[in-house]
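Me: I've got a structure open and I'd like to talk through its packing, one question at a time. Ready to have a look with me?

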Amino acid sequence: MWTGTFYALVAGLMWGLVFVGPLLVPEYPAALQSVGRYLAFGLIALPLAWLDRAALRQLSRADWMEALKLATVGNLLYYVCLAAAIQRAGAPLPTMIIGTLPVVIAIAANLRNAERDGRLPWARLTPSLLLIAAGIACVNQAELASLHGRSQADLLRYVTGALLALISVACWTWYPLRNADWLRHHPGRNPRTWATAQGIATLPLALIGYALLWLGMRVSGSDFAMPFGPRPSVFIALMVAIGLFASWLGTTCWNEASQRLPTVTAGQLIVFETLAALSYAFLLRGQLPGAQTMLGVALLVAGVVWAARVKPVPVEYVEMERL
């Protein structure tokens, strides 16, 4: 349990980096940031795939199709929506919407995977969910109050940013459930190999996306300086850093956590990503979070600690208790 929690913590620290990337290069389109990140991830995965070639050969065609689906929804679609949301609404609001993932995934997994993982009794799970939800509400309220105080705030941009963040939530509710399914059905496979396989599956998608985006800009007469934009060295360095740390290392650590933890518990530990993203965002702002934000963070941590102490119960035992 605690080893899995540690891996989930490292994954959250790595994934939190993706929330500040769009703020560092705001002039770059979200779609370009998405394909750029995963192009870097795919290229990083190539030498890793060579080292892991024996294990990768053991993957079936069905396994590669699953990796392709996970790459499409959990990588490209998720990040293009998230990057666009952050550019439109700033980092904190999308971070808080993404922060609902622990609640959403925990409920979905408890309904979907009880036969396999056991069920976390709702009576024991509810307090942690309420603590996490209260923490998210506190931070969200603080950020919305800050938004209302800005004279130049564009409400429509914030609303569309929130909607795009909701699509990201849908993508990342689906991704960890499907990813955990594969890992649980293949307990002998190395989680690092599976992360590398997803990187290889992402590479052709990112290449096609990059080419289509470049062609679309040329046809539309855009003056954006393709292929690497107005700050090529900054853009390339950022994409490589996010591709290595957030995409490969983060996915590897999450796979390790998914093999050790029930899906319903692992889903709640995505809260580490929210905490890391908030920390990075406030560091980038150069200011400390307010009291209400700190209260929200404390509630989030308390909810995660509570959830980690709850043990799954076999479905048959739950049914007997009801009788």
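Me: Before we dig in, are Trp172 and Tyr175 buried or exposed?
Reply: Keep in mind that this is a predicted model. In it, Trp172 and Tyr175 share helix 10, which covers residues 155-185. They sit three residues apart there, about one turn of the helix. As for their accessibility, both Trp172 and Tyr175 are buried.

Me: How many aromatic pairs turn up in the whole structure, and what kind is the one between Trp172 and Tyr175?
Reply: Searching the whole structure gives 11 aromatic pairs. For Trp172 and Tyr175, the ring centres are 4.7 Å apart and the planes make an angle of 40°. An angle that is neither under 30 degrees nor over 60 falls in the remaining class, so the Trp172 and Tyr175 pair is tilted.

Me: Why is the pair of Trp172 and Trp254 edge-to-face?
Reply: The centres of these two rings are 6.4 Å apart, inside the 6.5 Å limit for a pair. Edge-to-face needs planes over 60 degrees apart. The planes of Trp172 and Trp254 qualify because their angle is 65°.

Me: Which helices does that pair link, and how many residues separate its two members?
Reply: Trp172 belongs to helix 10, while Trp254 belongs to helix 12, residues 232-260. The pair therefore links distant parts of the chain. Along the sequence, Trp172 and Trp254 are 82 residues apart.

Me: What are the relative accessible areas of Trp172 and Trp254?
Reply: Anything under 20% counts as buried. Trp172 is buried, with a value of 6%. Trp254 is buried as well, and its relative accessible area is 2%.

Me: Which residues form one aromatic cluster with Trp172?
Reply: We've already met Tyr175 and Trp254 as ring partners of Trp172. The cluster also takes in Trp15 and Tyr78. So, by the ring-pair criterion, Trp172 shares one aromatic cluster with Trp15, Tyr78, Tyr175 and Trp254.

Me: Why is helix 7 oblique to helix 10?
Reply: The axes of helix 7 (residues 101-112) and helix 10 come within 10 Å. They cross at roughly 45°, in a right-handed crossing. An angle of roughly 45° is not under 35 degrees, nor in the 65 to 115 range, nor over 145, so helix 7 counts as oblique to helix 10.

Me: Which residues of helix 7 make that contact?
Reply: On the helix 10 side, the contact residues include Val169, Trp172, Pro176 and Asp181. Trp172, then, takes part in this contact as well as in the aromatic cluster. Facing them from helix 7 are Leu101, Val104, Ile105, Ala108, Ala109 and Arg112.

Me: At what angle do helix 11 and helix 12 pack?
Reply: The crossing of helix 11 and helix 12 is right-handed. Among the residues that meet are Trp194, Thr196 and Tyr210 in helix 11 and Phe235, Trp248 and Asn255 in helix 12. The axes are 9 Å apart, and the angle is about 140°.

Me: Where does a cis peptide bond show up?
Reply: Look at the loop between helix 11 (191-220) and helix 12, which holds Pro227. Omega is about 15° for the peptide bond in question. That cis bond joins Met226 and Pro227.

Me: Over which ring does the charged end of Arg53 sit?
Reply: Arg53 is in helix 4, residues 53-57. With a relative accessible area of 34%, Arg53 is partly exposed. Its charged end sits 4.0 Å from the centre of the ring below, which belongs to Trp50.

Me: How far apart are the C-alpha atoms of Arg53 and Thr193?
Reply: Thr193 lies in helix 11 and is buried at 5% relative accessibility. Setting aside residues up to four places away in sequence, Thr193 touches Asp52, Ala55 and Leu56. Arg53 and Thr193 are 140 residues apart along the chain, yet their C-alpha atoms are separated by 9.0 Å.

Me: Which residues is Ala49 in contact with, leaving aside its neighbours within four places in sequence?
Reply: Ala49 lies in helix 3, residues 30-51. At 11% relative accessibility, Ala49 counts as buried. Its contacts are Leu56, Thr196 and Ile200.

Technical notes
Residues are numbered from 1 along each chain as its sequence is written. This is a predicted model: local features need pLDDT of at least 70, side-chain atom pairs count only at pLDDT 80 or more; totals for chains, interfaces and linings use all residues. Side-chain values use heavy atoms; hydrogens and water are left out. Rings of Phe, Tyr and Trp (its six-membered ring) pair if their centres lie within 6.5 Å; planes under 30 degrees apart count as stacked, over 60 as edge-to-face and the rest as tilted. Helices (H or I, at least four residues) and strands (E, at least two) are DSSP runs, numbered from the N terminus. Buried means under 20% relative accessible area, exposed over 50%, partly exposed in between (1.4 Å probe, protein chains only). A charge sits over a ring if NZ of Lys or CZ of Arg is within 6 Å of the ring centre and within 35 degrees of the ring normal. Axes are lines fitted to C-alpha atoms, for helices over the stretch in contact, and angles run from 0 to 180 degrees between N-to-C directions. A crossing is left-handed if the near helix is turned anticlockwise from the far one by less than a right angle, and right-handed if clockwise. Contact means heavy atoms within 4.5 Å.
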